[in-house]
Amino acid sequence: HSESGKNLLFALDTGCYVTILDKSLEPILGKAIGKQRMRYGWFEHISCNKYKSPKLLLGQTKLLLGNHVLTDDLKQKLDLPIAGILGMDCLSHYCIQLDFESRTIRFLDPDHLNGQNLGKAFPLSYYFGYLSPHADAFGFHNLRFFPDTGDYEDGALKPKLWKQQLSGKPPAKPGKIKNVKGHLLREIFIPEMVFGGEAYTNLLMKDCSIGKTPNENLIGLRFLARNLVTFNFPKQTMYLKPVSVGPLPNENLATNSLTYQAAKFLEGLKRQGRLPGWLKDERGGVKEDVS
(Lines give C-alpha, C1' and ligand atoms only; values in the text may rest on other atoms or scores of the structure.)
Protein backbone atom coordinates (compact mmCIF):
# COMPACT_ATOMS: atom_id res chain seq x y z
CA HIS A 1 0.00 0.00 0.00
CA SER A 2 1.02 3.62 -0.40
CA GLU A 3 2.23 5.86 2.42
CA SER A 4 -1.32 7.25 2.71
CA GLY A 5 -2.64 3.71 3.33
CA LYS A 6 -4.28 3.17 -0.07
CA ASN A 7 -4.21 -0.49 -1.10
CA LEU A 8 -2.52 -1.10 -4.45
CA LEU A 9 -2.51 -4.24 -6.59
CA PHE A 10 0.94 -5.14 -7.92
CA ALA A 11 2.33 -7.81 -10.21
CA LEU A 12 5.66 -9.51 -9.42
CA ASP A 13 7.89 -9.75 -12.47
CA THR A 14 11.25 -11.48 -12.14
CA GLY A 15 11.87 -10.69 -15.81
CA CYS A 16 11.71 -6.90 -15.30
CA TYR A 17 14.77 -5.14 -13.88
CA VAL A 18 12.95 -2.06 -12.57
CA THR A 19 9.67 -1.26 -10.79
CA ILE A 20 7.06 0.28 -13.10
CA LEU A 21 4.01 2.17 -11.86
CA ASP A 22 0.82 2.94 -13.73
CA LYS A 23 0.54 6.47 -15.07
CA SER A 24 -2.50 7.07 -12.86
CA LEU A 25 -0.10 7.33 -9.88
CA GLU A 26 2.01 10.10 -11.40
CA PRO A 27 0.19 12.89 -9.48
CA ILE A 28 1.43 11.46 -6.15
CA LEU A 29 5.01 10.88 -7.35
CA GLY A 30 6.04 14.51 -7.49
CA LYS A 31 8.04 15.99 -10.34
CA ALA A 32 9.55 13.70 -12.97
CA ILE A 33 13.36 13.54 -12.83
CA GLY A 34 13.74 12.60 -16.47
CA LYS A 35 12.85 10.03 -19.08
CA GLN A 36 14.21 6.57 -19.81
CA ARG A 37 13.85 4.24 -22.76
CA MET A 38 13.16 0.65 -21.86
CA ARG A 39 11.68 -2.57 -23.14
CA TYR A 40 9.71 -4.99 -21.00
CA GLY A 41 7.48 -7.96 -21.70
CA TRP A 42 7.21 -8.57 -25.43
CA PHE A 43 6.61 -4.92 -26.31
CA GLU A 44 8.66 -2.50 -28.35
CA HIS A 45 10.99 0.07 -26.82
CA ILE A 46 9.12 2.90 -25.15
CA SER A 47 10.00 6.17 -23.44
CA CYS A 48 8.96 6.21 -19.77
CA ASN A 49 8.83 9.03 -17.26
CA LYS A 50 11.28 8.55 -14.39
CA TYR A 51 10.48 9.46 -10.77
CA LYS A 52 12.21 9.17 -7.44
CA SER A 53 11.07 5.95 -5.76
CA PRO A 54 7.99 6.45 -3.57
CA LYS A 55 7.36 4.77 -0.22
CA LEU A 56 5.56 1.45 -0.71
CA LEU A 57 4.71 -0.81 2.22
CA LEU A 58 3.78 -4.44 2.68
CA GLY A 59 1.97 -4.49 6.00
CA GLN A 60 4.17 -2.32 8.22
CA THR A 61 7.34 -3.06 6.26
CA LYS A 62 8.72 -0.55 3.80
CA LEU A 63 9.69 -2.28 0.57
CA LEU A 64 13.23 -1.78 -0.68
CA LEU A 65 13.31 -0.28 -4.17
CA GLY A 66 15.93 1.16 -6.45
CA ASN A 67 16.66 4.88 -6.64
CA HIS A 68 13.91 5.48 -9.17
CA VAL A 69 10.75 4.01 -10.71
CA LEU A 70 9.31 4.35 -14.20
CA THR A 71 5.71 4.90 -15.30
CA ASP A 72 3.71 3.52 -18.20
CA ASP A 73 0.06 3.02 -19.12
CA LEU A 74 -0.01 -0.47 -17.60
CA LYS A 75 -3.79 -0.83 -17.29
CA GLN A 76 -4.27 -0.17 -20.99
CA LYS A 77 -1.23 -2.10 -22.20
CA LEU A 78 -1.69 -5.20 -20.06
CA ASP A 79 -5.48 -5.00 -19.72
CA LEU A 80 -5.11 -5.66 -15.99
CA PRO A 81 -6.29 -3.48 -13.07
CA ILE A 82 -2.82 -3.18 -11.56
CA ALA A 83 -1.11 -0.18 -10.01
CA GLY A 84 2.36 -1.38 -10.86
CA ILE A 85 4.94 -4.09 -11.45
CA LEU A 86 7.49 -4.91 -8.78
CA GLY A 87 10.71 -5.59 -10.67
CA MET A 88 14.03 -7.06 -9.68
CA ASP A 89 15.21 -3.77 -8.17
CA CYS A 90 12.76 -4.68 -5.38
CA LEU A 91 12.50 -8.48 -5.52
CA SER A 92 16.24 -9.11 -5.43
CA HIS A 93 16.29 -8.01 -1.76
CA TYR A 94 13.91 -10.77 -0.64
CA CYS A 95 13.29 -14.48 -0.34
CA ILE A 96 9.92 -15.04 -2.02
CA GLN A 97 7.92 -18.24 -2.21
CA LEU A 98 5.18 -18.70 -4.83
CA ASP A 99 2.63 -21.30 -3.78
CA PHE A 100 0.30 -21.59 -6.76
CA GLU A 101 -1.89 -24.30 -5.25
CA SER A 102 -2.90 -22.08 -2.33
CA ARG A 103 -2.61 -18.83 -4.34
CA THR A 104 -0.17 -17.49 -1.75
CA ILE A 105 3.00 -15.41 -1.93
CA ARG A 106 5.23 -15.69 1.13
CA PHE A 107 8.13 -13.49 2.14
CA LEU A 108 10.56 -15.76 4.01
CA ASP A 109 13.72 -15.20 6.02
CA PRO A 110 16.60 -15.74 3.56
CA ASP A 111 19.06 -16.54 6.36
CA HIS A 112 16.98 -19.25 8.06
CA LEU A 113 15.50 -21.27 5.22
CA ASN A 114 14.95 -25.03 5.48
CA GLY A 115 16.01 -26.03 1.99
CA GLN A 116 15.31 -29.71 2.60
CA ASN A 117 11.56 -29.22 2.13
CA LEU A 118 11.79 -26.89 -0.85
CA GLY A 119 12.76 -29.28 -3.63
CA LYS A 120 15.74 -29.12 -5.95
CA ALA A 121 18.10 -26.17 -5.56
CA PHE A 122 19.30 -24.27 -8.63
CA PRO A 123 22.15 -21.78 -8.05
CA LEU A 124 21.42 -18.35 -9.53
CA SER A 125 24.15 -16.40 -11.27
CA TYR A 126 24.15 -12.77 -12.39
CA TYR A 127 23.99 -12.26 -16.14
CA PHE A 128 23.65 -8.69 -17.43
CA GLY A 129 21.83 -7.67 -14.25
CA TYR A 130 19.50 -10.67 -14.12
CA LEU A 131 19.69 -13.72 -11.86
CA SER A 132 19.38 -16.94 -13.83
CA PRO A 133 19.74 -20.69 -13.17
CA HIS A 134 21.31 -23.37 -15.34
CA ALA A 135 19.58 -26.71 -15.92
CA ASP A 136 19.82 -29.81 -18.09
CA ALA A 137 16.99 -29.67 -20.64
CA PHE A 138 16.15 -30.86 -24.15
CA GLY A 139 19.07 -33.26 -24.01
CA PHE A 140 21.58 -30.48 -23.40
CA HIS A 141 23.70 -29.94 -20.31
CA ASN A 142 23.73 -26.75 -18.28
CA LEU A 143 21.45 -24.52 -20.38
CA ARG A 144 20.89 -21.01 -19.04
CA PHE A 145 17.27 -20.02 -18.39
CA PHE A 146 15.78 -16.75 -17.17
CA PRO A 147 12.84 -17.20 -14.73
CA ASP A 148 10.19 -14.75 -15.90
CA THR A 149 6.99 -14.53 -13.85
CA GLY A 150 5.79 -11.89 -16.30
CA ASP A 151 5.56 -14.46 -19.13
CA TYR A 152 2.15 -16.13 -18.92
CA GLU A 153 3.20 -19.24 -20.83
CA ASP A 154 5.81 -21.93 -20.19
CA GLY A 155 8.56 -19.74 -21.56
CA ALA A 156 10.56 -19.15 -24.70
CA LEU A 157 13.50 -20.73 -26.47
CA LYS A 158 16.34 -19.02 -28.26
CA PRO A 159 15.82 -19.25 -32.05
CA LYS A 160 18.27 -22.11 -32.70
CA LEU A 161 16.79 -24.33 -29.97
CA TRP A 162 13.23 -23.40 -30.97
CA LYS A 163 13.84 -24.42 -34.59
CA GLN A 164 15.30 -27.70 -33.39
CA GLN A 165 12.19 -28.44 -31.34
CA LEU A 166 9.96 -27.30 -34.22
CA SER A 167 11.42 -29.89 -36.60
CA GLY A 168 8.58 -32.06 -37.88
CA LYS A 169 5.93 -30.40 -35.72
CA PRO A 170 3.30 -27.83 -36.73
CA PRO A 171 3.48 -24.60 -34.73
CA ALA A 172 0.59 -23.88 -32.38
CA LYS A 173 -1.74 -21.00 -33.16
CA PRO A 174 0.08 -17.66 -32.97
CA GLY A 175 -0.89 -15.45 -30.06
CA LYS A 176 -2.02 -11.84 -30.21
CA ILE A 177 1.37 -10.38 -29.32
CA LYS A 178 3.25 -8.90 -32.26
CA ASN A 179 6.94 -8.26 -32.65
CA VAL A 180 8.48 -5.03 -33.90
CA LYS A 181 7.78 -5.91 -37.53
CA GLY A 182 4.13 -6.64 -36.81
CA HIS A 183 4.41 -10.43 -37.18
CA LEU A 184 2.55 -12.65 -34.74
CA LEU A 185 4.71 -14.36 -32.19
CA ARG A 186 5.15 -18.06 -32.91
CA GLU A 187 4.56 -20.82 -30.39
CA ILE A 188 5.23 -24.54 -30.37
CA PHE A 189 3.53 -27.32 -28.42
CA ILE A 190 6.06 -29.61 -26.70
CA PRO A 191 4.61 -32.89 -25.34
CA GLU A 192 7.36 -33.35 -22.74
CA MET A 193 10.39 -31.53 -21.39
CA VAL A 194 12.86 -32.78 -18.81
CA PHE A 195 14.09 -29.84 -16.75
CA GLY A 196 16.66 -30.42 -14.05
CA GLY A 197 15.88 -34.15 -13.97
CA GLU A 198 12.09 -33.68 -13.68
CA ALA A 199 9.69 -34.43 -16.55
CA TYR A 200 6.96 -31.90 -17.40
CA THR A 201 4.26 -32.33 -20.04
CA ASN A 202 2.09 -30.25 -22.38
CA LEU A 203 4.24 -27.15 -22.70
CA LEU A 204 3.79 -24.05 -24.84
CA MET A 205 7.05 -22.36 -25.78
CA LYS A 206 7.51 -19.20 -27.79
CA ASP A 207 10.21 -18.39 -30.31
CA CYS A 208 12.33 -15.91 -28.36
CA SER A 209 13.06 -13.77 -31.38
CA ILE A 210 11.90 -10.52 -29.77
CA GLY A 211 11.84 -9.06 -26.28
CA LYS A 212 14.54 -7.82 -23.99
CA THR A 213 16.47 -11.13 -24.16
CA PRO A 214 16.06 -12.19 -27.83
CA ASN A 215 18.79 -14.82 -27.67
CA GLU A 216 18.06 -16.44 -24.33
CA ASN A 217 15.83 -19.18 -22.94
CA LEU A 218 13.02 -18.27 -20.53
CA ILE A 219 10.87 -20.25 -18.10
CA GLY A 220 7.52 -18.57 -17.59
CA LEU A 221 4.60 -18.56 -15.19
CA ARG A 222 2.79 -21.57 -16.69
CA PHE A 223 5.89 -23.70 -16.11
CA LEU A 224 6.71 -22.28 -12.69
CA ALA A 225 3.10 -22.83 -11.55
CA ARG A 226 3.65 -26.60 -11.75
CA ASN A 227 6.01 -26.22 -8.79
CA LEU A 228 6.29 -24.77 -5.33
CA VAL A 229 8.78 -22.04 -6.26
CA THR A 230 11.14 -20.36 -3.81
CA PHE A 231 13.41 -17.54 -4.95
CA ASN A 232 16.04 -16.87 -2.30
CA PHE A 233 17.51 -13.94 -4.17
CA PRO A 234 19.89 -12.75 -1.40
CA LYS A 235 21.45 -16.25 -1.31
CA GLN A 236 21.23 -16.58 -5.12
CA THR A 237 19.28 -19.84 -5.10
CA MET A 238 16.03 -20.98 -6.74
CA TYR A 239 14.16 -24.03 -5.45
CA LEU A 240 11.61 -26.01 -7.48
CA LYS A 241 9.39 -28.63 -5.83
CA PRO A 242 7.13 -30.24 -8.47
CA VAL A 243 3.44 -30.51 -7.62
CA SER A 244 2.13 -31.25 -11.13
CA VAL A 245 3.80 -32.53 -14.30
CA GLY A 246 1.17 -30.84 -16.43
CA PRO A 247 -0.25 -27.33 -16.34
CA LEU A 248 -2.46 -26.46 -13.40
CA PRO A 249 -6.24 -26.62 -13.95
CA ASN A 250 -8.46 -23.55 -14.39
CA GLU A 251 -6.07 -21.90 -16.80
CA ASN A 252 -7.23 -19.32 -19.28
CA LEU A 253 -4.67 -17.45 -21.30
CA ALA A 254 -2.09 -20.14 -21.85
CA THR A 255 -4.46 -22.92 -22.95
CA ASN A 256 -5.73 -21.18 -26.07
CA SER A 257 -3.21 -22.82 -28.38
CA LEU A 258 -3.97 -26.32 -27.10
CA THR A 259 -7.71 -25.66 -27.46
CA TYR A 260 -7.10 -24.48 -31.02
CA GLN A 261 -5.04 -27.54 -31.93
CA ALA A 262 -7.60 -29.94 -30.45
CA ALA A 263 -10.48 -28.20 -32.24
CA LYS A 264 -8.70 -28.30 -35.61
CA PHE A 265 -7.88 -31.99 -35.14
CA LEU A 266 -11.54 -32.83 -34.39
CA GLU A 267 -12.74 -30.72 -37.33
CA GLY A 268 -10.38 -32.65 -39.60
CA LEU A 269 -11.82 -35.97 -38.41
CA LYS A 270 -15.37 -34.67 -38.97
CA ARG A 271 -14.58 -33.63 -42.56
CA GLN A 272 -13.28 -37.15 -43.21
CA GLY A 273 -16.37 -38.73 -41.63
CA ARG A 274 -14.19 -40.33 -38.95
CA LEU A 275 -15.55 -38.55 -35.87
CA PRO A 276 -17.72 -40.98 -33.85
CA GLY A 277 -21.30 -39.74 -33.43
CA TRP A 278 -21.01 -37.14 -36.23
CA LEU A 279 -22.03 -37.53 -39.84
CA LYS A 280 -19.71 -36.05 -42.46
CA ASP A 281 -22.38 -33.62 -43.77
CA GLU A 282 -24.04 -32.97 -40.40
CA ARG A 283 -24.62 -29.30 -39.66
CA GLY A 284 -22.73 -27.67 -36.80
CA GLY A 285 -19.11 -27.99 -35.90
CA VAL A 286 -16.46 -27.98 -33.28
CA LYS A 287 -16.25 -24.45 -31.99
CA GLU A 288 -12.99 -22.97 -30.76
CA ASP A 289 -13.44 -21.17 -27.44
CA VAL A 290 -10.55 -18.88 -26.63
CA SER A 291 -12.33 -16.54 -24.24
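This passage describes the aromatic contacts and one surface pocket of a predicted model.

Among the aromatic side chains, the count comes to 7 aromatic pairs. One of these joins Phe122 and Phe195, whose rings are tilted with respect to each other, with 5.7 Å from centre to centre and 40 degrees between the planes. This contact links distant parts of the chain, as Phe122 belongs to strand E11 (residues 120–127) and Phe195 to strand E15 (residues 187–195), the two residues being 73 apart. Both Phe122 and Phe195 are buried. A stacked arrangement is found for Phe231 and Phe233, where the ring centres are 5.1 Å apart and the planes differ by 5 degrees. Phe231 has a relative accessible area of 1% and Phe233 one of 3%; because buried means under 20%, Phe231 counts as buried, and Phe233 does as well.

Phe122 and Phe195 also take part in one aromatic cluster, which is formed together with Phe145, Tyr200 and Phe223. A contact of another kind involves Tyr127, over the face of which Arg144 lies, at 3.9 Å from the ring centre.

Turning to the pockets, the second largest pocket holds about 310 Å³ of space. Its lining comprises 14 residues, and those nearest the centre of the pocket are His1, Leu8, Phe10, Leu58 and Leu86. At least two residues of this lining are supplied by each of strand E1 (10–12), strand E5 (57–58) and strand E10 (104–108). In terms of residue class, the lining of the second largest pocket consists of 11 nonpolar and 3 polar residues, with no charged residues.

Terms used:
Residues are numbered from 1 along each chain as its sequence is written. This is a predicted model: local features need pLDDT of at least 70, side-chain atom pairs count only at pLDDT 80 or more; totals for chains, interfaces and linings use all residues. Side-chain values use heavy atoms; hydrogens and water are left out. Rings of Phe, Tyr and Trp (its six-membered ring) pair if their centres lie within 6.5 Å; planes under 30 degrees apart count as stacked, over 60 as edge-to-face and the rest as tilted. Helices (H or I, at least four residues) and strands (E, at least two) are DSSP runs, numbered from the N terminus. Buried means under 20% relative accessible area, exposed over 50%, partly exposed in between (1.4 Å probe, protein chains only). A charge sits over a ring if NZ of Lys or CZ of Arg is within 6 Å of the ring centre and within 35 degrees of the ring normal. On a 1 Å grid over the protein atoms alone, a cavity is a set of points where a 1.4 Å probe fits but cannot get out, and a pocket is an open set with protein on both sides within 12 Å along at least five of seven lines; lining residues have an atom within 4 Å of a point. Grid points are joined across faces, edges and corners, and a volume is the space filled by probe spheres set on the points. Ala, Val, Leu, Ile, Met, Phe, Trp, Tyr, Cys and Pro count as nonpolar, Asp, Glu, Lys and Arg as charged, and the others, Gly among them, as polar.
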